[in-house]
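Trainee: I should like to understand how the descriptive terms used for a structure follow from its values. May we work through an example together?

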Amino acid sequence: MRSAGDAWFKRIAFAFAASIPVLLLAIIVLLVKQSWLSIHTFGAGFIISSVWDPLADEYGALPFIYGTLVSSIIALIIAVPLGLGCALYLSEVSRSKTKEYIAVMVELLAAIPSVVYGLWGIFVLGPWIANVVQPFLRSIFGFLPIFQGPYSGLSMLSAGVILAIMVLPTITAISREVFNSVPNYLRESALALGATKWETVKIAVLGPARSGIVGAVILGLGRALGETMAVTMVIGNRPEISSSVFAPAYTLASVIANEFAEAVSDINLAVLIELGLVLLFITVVVNGIARLMVWRLTSKVKARP
Amino acid sequence: MTRNIKEKIYLLIVFAFTLIAVIPLISVISYVFLQGISAINWDFFTRLPVPFGDPGGGMGNAIVGTFIVVGLACVVGLPIGIFGGIWLALYGNNKKGFVIRYAADVLSSIPTIVIGIFAYVLIVLVMKRFSALAGGFALGIIMIPTVTRTTEEMVKMVPRTLFEAGLALGLPEWKVIMRIIFRTAWSGIFTGIMLSVARITGETAPLLFTAFNSMYWNFAVDQPTATMTVQIYNYAISPFAQWHAKAWAGSLTLMFIVLGVTLLVRKFSRRVHYG
Amino acid sequence: MDDTLLKAPDPVSCSDLSERMSAHKVNAWFYEKQALHGISMKIYDKKVSAIIGPSGCGKSTFIRCLNRMHETVPGATMKGSIFLDGKDILSKKDVASLRRVVGMVFQKPTPFPTMTVYDNVAAGIKLFGRISEQKLDRVVEQSLRRAALWEEVKDLLDKPGMGLSGGQQQRLCIARALAIEPEVILLDEPCSALDPISTAKIEELIHELKRNYTIVIVTHNMQQAARVADYTGFFLLGEMIEFDVTSKIFTNPRDKRTEDYITGRFG
């Protein structure tokens, strides 16, 4: 016996729930509509052009796409080994109480506001990178073009390092969950064969965890691609494609942050919104792949008798 | 013998990486504390910003502005998140539910600055003015996926027997849901809400061209409004040491709020994950 | 009942008996909770020793002490001494080489899920230094033959181990344990997850294996102990109530509690 009140409650709750896909659709439709001027004017050439001159109404997205991808890749190169090491410590090595504190600390890294990372990046990390890291890299790998050119705290490398710190909690937390989802009897089987801790991880843990780890890495990538403030504050904001990671660069999110409120013309605004659309597209695809991989792993483990 | 060495190298690497991972946290917190504490005083919380060169001044309006914008975000985000989550938990085991869950997942992966563009197009362009409303709307959307997900999970954890016991008392279903199920799940839902409030309090990017900024006290939601994060950003990228000090002080205040809420909430509930 | 050691079977009547392992006053804990109280027991070479008892009696904990798997569980500690060929295994630092001599098979079949049948058997051997491909092939085949699995899987060697049936998976795990050439094999309720036909195959296999190996089996199934074991120990609430020749335990137990258990009065 359903009362009228029940029917209404259900309807209202559904209206709120249904507003989520409606919002998502509205975001995509409105962004396409508002950037239509730019899409229409520049076409596909927009993506591959590297000229950026708002005053002359010349726009190309390539330097930003390049900056976004390269800074995120640098972040992954640093954060993946650190995050996996951390996750191994938390789930496989440590049994002591300290591990809970470490876990909280790594989680807190995710709670620090982006703008605070940016401030710290400008005054602490940037100078350290320019004075210590870059000279060190050049002294050893100086024959590589990516480690040449003048030292600079505001650089692609700084952006990569700060992004690495920001995605580290994501990679650590998800890898840790993935490791924890590996059933304990596999570890015991390896130990019973006389395996050391490392060998146990190698033969019993990494195999089943593989696709989950890839998922964690890609989720980290998704986060790095869309990160705005900290990167904007340390990357130097120069729309050029340089072969050196010591040089300043620019990302999709950064150029939107810097120029949106001061767009000089309708077409300029449309271009910036199209950059937002490109960023939206990249992150949604990357996150979709990651979720699929994590989901496939967890469903496989659950399917075991 | 080499097996032993490999094992030692493995342990060494794992310890070293873990150590390296926590260094940034310690560095950020100690810099913010040491640099911020020296620039913080009572005026900082109560006064307006002053032009460069004038002594004193504070961030009072930005602190108030942050509360206004976050409050607006809650007005936008909480009803959708909570009722959406309840609907998903109780009636969402079907195709509609799948679509909504999927949409929430996609929404959570959209960069916040893109959400800012959406709020700009929808509100700022229409009102022809930057406003706290636009900023709150953007932050509200950012809250939705987290709140929806925690609400759904928490409501699902309430045992079905409780639901049936409520119905057996002769209460209509919706009253059982709101009075018994929702209340039972509330502490978990509250945890999710607070974590997501902490997260949006630290957001900057979507506010840059929605709430924008202001040098004055403002309590009207249709006017440009200063927030702590945007103010910190502006001070940080300025060339003046005096303003840099303000940026550190602002960061200390912000971190105190954000980390404080996060830690407190964590202490009371260890189940909910951040982000 | 404390001096169970003295009640071991009469050595005169079985002159081929030699002691392989022995436990002396073994106590074990999980955090504060004591799981084993002063267990003393002898394990004879090339014989099957069974440990029976109701669930929670500590039989699994005890067998896991014998290759020091017990201590891998968080909060688990133990005291006492366990000798293997006269040497105390608890004072040894090198746990890996102990586990190489004392192999173990678990309750559920636990093949490594991402490995093939071949790699599963080879997983243990590869840990102990480089080995040529031909030699590895030989060891894998030999181990699978000893585990009575070769005929069934010789064409499936490069297929995932998880693809085999439950009984085959369990014999695969036995093959994996045999491949590292242990001398003692610990079987922790190896048939509890298997159907009767697979169980019969494993029991048959145990009969085969005892010609070359010393076997300790934990089981909750008394008939199984009666069928496969030469010696049987009865555990209750973390204590060993009785240890004797299997036929004696089942026909003429000394302790009232053993009698109650095997006649089905509790447990």
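Mentor: The following discussion treats a predicted model, beginning with a pair of helices and ending with the contacts of chains.

Trainee: Why is helix 3 of chain B called oblique to helix 8 of chain B?

Mentor: The axes of helix 3 and helix 8 of chain B come within 10 Å and cross at roughly 140°. Roughly antiparallel requires an angle over 145 degrees, and roughly perpendicular requires 65 to 115. The value of roughly 140° falls in neither range, and therefore helix 3 of chain B is oblique to helix 8 of chain B. The crossing of these two helices is right-handed.

Trainee: What makes the contact between helix 3 and helix 8 of chain B, and how do its residues divide by class?

Mentor: Helix 3 of chain B contributes residues including Val70(B), Leu78(B) and Ile82(B), while helix 8 of chain B contributes, among them, Phe182(B), Ile189(B) and Val197(B). By class, the contact has 12 nonpolar residues, 2 polar and no charged.

Trainee: What makes strand 2 and strand 5 of chain C edge strands?

Mentor: Chain C has an open sheet of 4 antiparallel strands in the order 2-1-4-5. Strand 2 (33-44) and strand 5 (87-88) each pair on one side only, and they are the edge strands.

Trainee: How do you know that strand 4 and strand 5 of chain C pair?

Mentor: Pairing requires at least two bridges. Strand 4 and strand 5 of chain C are joined over 2 bridges in the antiparallel sense, so the requirement is met. Leu84(C) stands opposite Lys87(C) of strand 5. Helix 1 (residues 59-66) of chain C packs on this sheet, where it touches strand 1, strand 2 and strand 4 of chain C.

Trainee: Which chains share the most contacts?

Mentor: Of the 2 pairs of chains in contact, chains A and B share the most. The contact joins 73 residues of chain B to 70 residues of chain A. Helix 1 of chain B gives the most to the chain B side, with 19 residues, and that side has 56 nonpolar, 12 polar and 5 charged residues.

Trainee: How many residues does each chain give to the contact of chain A with chain C?

Mentor: Chain A gives 16 residues and chain C gives 21. On the chain A side, helix 7 gives the most, with 6 residues.

Trainee: How far apart are the nearest C-alpha atoms of chain B and chain C?

Mentor: These atoms are 8 Å apart, and chain B and chain C do not touch.

Technical notes: Residues numbered from 1 in each chain as written. Chains lettered and ligands numbered in written order. Predicted model: local features only at pLDDT ≥ 70, side-chain atom pairs only at ≥ 80, totals over all residues. Contact = placed C-beta atoms within 7 Å. Nonpolar A, V, L, I, M, F, W, Y, C, P; charged D, E, K, R; others polar. Axes fitted to C-alpha atoms, helices over the stretch in contact; angles between N-to-C directions. Parallel < 35°, antiparallel > 145°, perpendicular 65-115°, else oblique. Left-handed = near helix turned anticlockwise from the far one by under 90°.
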